[in-house]
Amino acid sequence: MICKACLSDGEHRRHVFIEMMFGTRERFEYQECIDCGTIQRLSDVADESRLYPVGYYSFAKPLRNSRVAAIRDAHALGTKSILGAVASFVRYDPIVAVIGYFGIDPSFRVLDVGCGSGKLLHRMSAAGFKNLTGVDPYISESTSGAVTIHKSDLQSMSGEFDFIMFNHSLEHVSDPDQSLGNAKRLLAPGGRILVRIPTSSSHAWVEYGPNWVQLDAPRHIVIPSRKGMSALAERCDLSVRHSIDDSTAFQFWGSEMYRKSKPLTSSGPHNVFSRHELRSFAKRAERLNTQQQGDQVAFLLTAA
Ligand SMILES: [Zn+2]
């Protein structure tokens, strides 16, 4: 099949990956692009929504944010304070840190694509953001309030946004170029798109192969290489301006669980690994991030 990232129709490598988040152990065919290294699912799945059962992690109800967490989030997202700086140090949170790193302002119109229950948007609301919208086709219903969430696909959305985020959602769609094209359509002049996504250009894919936890067959449909992500952006008249690796210890403890044939939801990492092991996984992740070998990346895209 033609590579959905770089459009190569070469002799791609074939793989079979098994479902291990819930441990159904169903088998799915994938290919790895011979030219750009992007991994994509070949097997058809009749009803994608059945892959996201009620207990799926992104549907968890947003927790009430503590006052300190809200100050930390506000600090990371642009409203600086001394207490926020201390809280960021003591309780570092990689997601708001990455979003803040790229520069964002509470006046921005923000769209979170594949927002699930809207956990991140509610945190941004507590941190002072006023114009927050989410869209997700797999949630049970649309909701409104401080945050507006549409049960819908991106294609049906209208409006204009300054900051559009895909937080580990673009790998779940079968036509990422169509999704990016729609994001581009909704982007205000000078606006930016953040894509946080796993990448096959990583140490974890090389080390763990079919046991790499972020393959997440069959939910992850297209896992781009770094080169594949640039090709995808270019085809949508976008370009990758910056990227930072934001991988975590998860790449190790999750993949080690798969190696032991343990489904991800069968037990928490603290029941399987010692504190020492988990600390060393986190250190290795930090090192890989600085070498641009982490298994997930935050790409910042702007109009080309
Ligand atoms: Zn390719």
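Glycine 128 comes after helix 4, and its phi is positive, near 105°. Keep in mind as you look at it that this is a predicted model. Helix 4 itself covers residues 119-126, and seven of its eight residues are buried, so the helix is largely enclosed by the rest of the structure. A residue is called buried here if 20 or more other C-beta atoms lie within 10 Å of its own. In helix 4 the buried ones are Lys119, Leu120, Leu121, His122, Arg123, Met124 and Ser125. What lies over them? The cover for the buried residues of helix 4 includes helix 1 (67-76), helix 3 (94-101), strand 4, strand 5 (131-135) and strand 7.

Several of those strands belong to a sheet, so let us go there next. Seven strands form an open sheet in the order 6-5-4-7-8-11-10, and their pairing is mixed. At its edges are strand 6 (148-150) and strand 10 (238-245), each of which pairs on one side only. From one strand to the next, the twist averages 20°.

Now follow strand 7 within this sheet. Six of its seven residues are buried, so strand 7 is largely enclosed by the rest of the structure. Strand 4 and strand 7 run parallel and are joined by four bridges. You can find one pair by looking for leucine 111, whose bridge partner in strand 7 is isoleucine 164. Strand 7 also runs parallel to strand 8, with six bridges between them. Here phenylalanine 161 has leucine 187, in strand 8, as its bridge partner.

How do strands 10 and 11 run, parallel or antiparallel? Strand 10 and strand 11 (residues 296-303) are antiparallel, and seven bridges join them. Look for serine 239, which stands opposite threonine 302 in strand 11.

Helix 5 (residues 176-186) gives us a different kind of picture. Its buried residues are Pro176, Ser179, Leu180, Asn182, Ala183 and Leu186. They cover an arc of only 155° around the axis, which puts them on the same side of helix 5. A general rule helps with reading such a pattern: an α-helix has 3.6 residues a turn, so residues three or four places apart point the same way. What do the buried residues of helix 5 pack against? Their neighbours are strand 4 (109-113), strand 7 (161-167), strand 8 (187-198), strand 9 (222-223), helix 7 (226-235) and strand 10.

Two helices that pack against each other come next. The axes of helix 8 (residues 250-259) and helix 10 (residues 275-290) are 8 Å apart, and the helices pack at an angle of about 125°. That angle makes helix 8 oblique to helix 10. On the helix 8 side, Gln251, Phe252 and Trp253 take part, and they meet Leu278, Phe281, Arg284 and Ala285 in helix 10. Sorted by class, this contact has five nonpolar residues, one polar and one charged.

Our last stop is isoleucine 18, found in strand 1 (residues 13-18). Is isoleucine 18 buried or partly exposed? It is partly exposed, because it has 17 other C-beta atoms within 10 Å, while a buried residue would need 20 or more. Leaving aside residues up to four places away in sequence, isoleucine 18 touches Arg25, Glu26, Arg27 and Ala217. Phenylalanine 28 is ten residues away from isoleucine 18 along the chain, and their C-alpha atoms are separated by 6.1 Å.

Note on methods. Residues are numbered from 1 along each chain as its sequence is written. This is a predicted model: local features need pLDDT of at least 70, side-chain atom pairs count only at pLDDT 80 or more; totals for chains, interfaces and linings use all residues. Axes are lines fitted to C-alpha atoms, for helices over the stretch in contact, and angles run from 0 to 180 degrees between N-to-C directions. Helices (H or I, at least four residues) and strands (E, at least two) are DSSP runs, numbered from the N terminus. Angles under 35 degrees count as roughly parallel, over 145 as roughly antiparallel, 65 to 115 as roughly perpendicular and the rest as oblique. Two residues are in contact if their C-beta atoms, placed from the backbone, lie within 7 Å. Ala, Val, Leu, Ile, Met, Phe, Trp, Tyr, Cys and Pro count as nonpolar, Asp, Glu, Lys and Arg as charged, and the others, Gly among them, as polar. Two strands pair if DSSP finds at least two bridges between them. A residue is buried if 20 or more other C-beta atoms lie within 10 Å of its own, exposed if 12 or fewer, and partly exposed in between; C-beta atoms are placed from the backbone. The arc is that of the directions from the helix axis to the C-beta atoms.
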